[in-house]
Amino acid sequence: MSFRQARWDEPPVWELDPRGGSEPAPSIPGVPDRWRRKAGLRWPELSELEVLRHYTRLSQMNFGIETTTYPLGSCTMKYNPRIGEVLARRRTAAELHPEQPIETVQGALEVIWRLERLLAKVTGLSEVSLQPAAGAHGEYAALLMIRAYFRDRGELDRRTEVLLPDTAHGTNPASAAMAGFTTRELPSKDGCVDLDELRAALSERTACFMLTNPNTAGLFESDILEIAKSVHGAGGMLYYDGANLNAILGVTNPGRMGFDVAHLNLHKTFATPHGGGGPGAGVLAANETLAPYLPVPRVQKVGRNFRWDYDRPSSIGKIRGGPGSFGLDLRAYAFALVHGEEGLKHVARRAVLNSNYVAARLGKRLERPFRPLVKHEFVLSGARLKERGVRTLDLAKRPAPA
Amino acid sequence: MVRWIPDTEKEEAEMLASLGLANADELFADVPRKARVGRMGIGASHTEAEAARAIDKILERNRPYSKFANFLGGRVATRYLPAAVDSILQRSEFYTSYTPYQPEASQGMLQALFEFQSLWVELTGMDVANASLYDGATASGEAMLLCRRQQDGRRFLVPTSLPWEERSVLENYATGPGLTVAGIPTDPKSGGIDLDWVRREVVRGDVFGVLADVPNGFGHLDGGLLDLRAAIGSLPLVVRADPLALSVLEPPGSYGADIVVGDGQSFGIPPSYGGPMVGLFACRKEFVRHSPGRIVGATHDHEGRRAYTLTLQTREQHIRRSRATSNICTNQSLIALAFVLYATLVGPRGLAELQRSLAERARSIAGALAPIDGLQAPRFDSPYLAEFTVELSRGTAAEFLDRMRRRGILAGHSLADPRPTSPRGPERILLAATESTDDRAIQKLATAARTIVPALGGGA
């Protein structure tokens, strides 16, 4: 199969009407003239059809999951079911202002409440917040929660260090630094956490160890229970980066593995579209110790009805405007509801089977640096290609159109 | 069987056999027994039809704002969206695509994002915009951190009128680096910032930046903002601006802003109960190397044709890790596309005309409410565009809004911080004109207010 994207010679939109919009802004009753935009706004004046043609052409110069395979592991590029798009566009979902009276948004709160409970079960943690706008945003919020927790225990002055494996996604150290921690990256052994290195690094200064499991090399960290024991033994918190949860749905979960707090990405595991780099939707899940620190407000069920609870004195407060990305929560809820228990397990099983199958096939031609059993993704080395004058980059770029 | 996964049981067996595995469980042999779970307990699967019915039934418990006389505003707008916006957003080449790290497969999205950035630059009078942040509140937080990289100090000044949520978000961004967010007192007459106070604080020292918003948290235009640059000398200045307002107002770059942030939801997507949103971020070029988020640049490919790619990536987390300018990775690309689509479909003249007409309607609302005792409309004497603040002198905002709702009116929202630990302030409500605000809606609001306000707080 060969695929060629369109290559339109499409100019930037302003070149379609270079003289557009050059007049000064109208005056507005009651607004002093010194506020008025004197230079006008330079932007094209186009007909609807001209605009549609322009952006249709741009779309044809783009590569999406419905165009062809998008073999990215960590970001779990999966089919985004159309029913989610349809439901999110219902007037009863889209035409809701976040400041509407609570009596008029009971359905929205019910979806949020149901999805939170479902994700609590999926993660094995006690409470869930859907406020984060993305995975990194969830990491950051979780680290602020950990900070607040140690502050309340009077340990913040000494627990200043966040540990992570050198394979960690870049957002992990960046989030830790933004939350005011110093970071220390630990060398991996055979693609996984080296327990000895971890034990040597843990101390009374450790606030948290951040881990993705399966990790970014696609390997399950089989020492996870010992890792959890060691981190907790040193008085630190264990953070789960949920980027790769897709691979272990229903097999194990962060709570069972000993994690205290986790973030998930609804745009990965729960199939909300990536949108060319966003919007994503982050989920925060916490055990009983850290749950009081979750952002406000928290959804609460009272009889048949729902309300927002702001009475959370330990909460870190707000991490964004509004209650969360409801339009995406709805898509994720539809995905989970259709799949159910068996479907979500099937998702993990198939992802892991496909990945191992492809890895085994390609492994006949290319070197595989780590152990053969992988989860949702795997690493190949281009070392053997080099002998023939081919770079890894050449292979990586080959599936894309020439 | 859910048809979202190919139904290939036979192939599954063959694939397992080729891997030398007896069954699918062996794929998870690396997960220790003690870490396994039996059931998640999330219930059985459903057909798509069953799920759609179940979710629709829940959604029926919502009452969309379009069923009311609607005066809700603030940072989220209930605007009419031309049908063409969504028809482009639904093109799966856009909405199902990944982050454009591979420019050869992402020219369409990259060009659209470059256009989005250029539009925000044009609206703000800045030099460079990024490809979006989460929302206006987080963009303000990132702007504050950028100020700190440009200027030493511990204190960041913001108007006391800033919505409580945004203040809370800023305080969270301040926590890590140990910064303090300080409120600039509000002038009781105009609702604007007290410039003398700002001048004194700047002289006192330790201030690394100032943020002000247009319109401000009361919906008004604060003349103090136009004189703020002179008051703070060379300190970094962040302006948080509404994009529609900037279609008719001077760009903040012309009165000394270094960074301009905003919420872009009003251009192109429905409120969806608060998300997804899009955060707008632009700055002067001297700031760009310390700025957060992805930036798309225009360049040429190996054949000399115009091409687009992510640029200045060494600022970002995937390269700079703990020393990155921000942790942001996933942003709001698709909503950024909606933003540029909306603005281009409406056009510069259409945007200015929309803002003018909303401002006229807002004046009509204020005019209709002004004669009512017990309610000051508007509360402040400064100019305003599409929204303004009213203050009740009896009863509570909650009681007022609840009685309005019972009459089919969403009469704006309370500006109070709902957290029980927060001190009680004046009973203030932000009211906005929308495109659905016609004379009938205004009369309905005024008639209801004439009945409701005198009865508030157990009054007659």
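Two residues are in contact if their C-beta atoms, placed from the backbone, lie within 7 Å. The exercises below concern a predicted model.

**Exercise 1.** Determine how many residues each chain gives to the contact between chain A and chain B, and describe the side that belongs to chain A.

*Solution.* Step 1: applying the cut-off, chain A contributes 149 residues and chain B contributes 142 residues. Step 2: helix H10 of chain A, residues 326-363, supplies the largest share of the side of chain A that touches chain B, namely 22 residues. Step 3: by residue class, this side of chain A comprises 78 nonpolar, 46 polar and 25 charged residues.

**Exercise 2.** Establish the strand order of the seven-stranded open sheet in chain A, and state what packs on this sheet.

*Solution.* Step 1: the order in chain A is E1-E9-E8-E7-E6-E2-E3, with mixed pairing. Step 2: strand E1 (127-129) and strand E3 (182-186) of chain A pair on one side only and are the edge strands. Step 3: on average, neighbouring strands of the sheet are turned by 20° against each other, direction ignored. Step 4: E1(A) and strand E9 (residues 282-286) of chain A run antiparallel and are joined by three bridges; Ser129(A) lies opposite Leu284(A) in E9(A). Step 5: helix H5 (residues 135-152) of chain A packs on the sheet, where it touches E6, E7, E8 and E9 of chain A, and its direction makes about 30° with that of E9(A).

**Exercise 3.** Characterise the fold of chain B by its elements and its contacts.

*Solution.* Step 1: chain B contains 14 helices and 15 strands. Step 2: 56% of its 460 residues count as buried. Step 3: among contacts in chain B with a separation of 6 or more, 73% involve residues 24 or more positions apart.

Note on methods. Residues numbered from 1 in each chain as written. Chains lettered and ligands numbered in written order. Predicted model: local features only at pLDDT ≥ 70, side-chain atom pairs only at ≥ 80, totals over all residues. Pairing = 2+ DSSP bridges. Helix = DSSP H or I, 4+ residues; strand = E, 2+ residues; numbered from the N terminus. Axes fitted to C-alpha atoms, helices over the stretch in contact; angles between N-to-C directions. Nonpolar A, V, L, I, M, F, W, Y, C, P; charged D, E, K, R; others polar. Buried ≥ 20, exposed ≤ 12 C-beta atoms within 10 Å, placed from the backbone.
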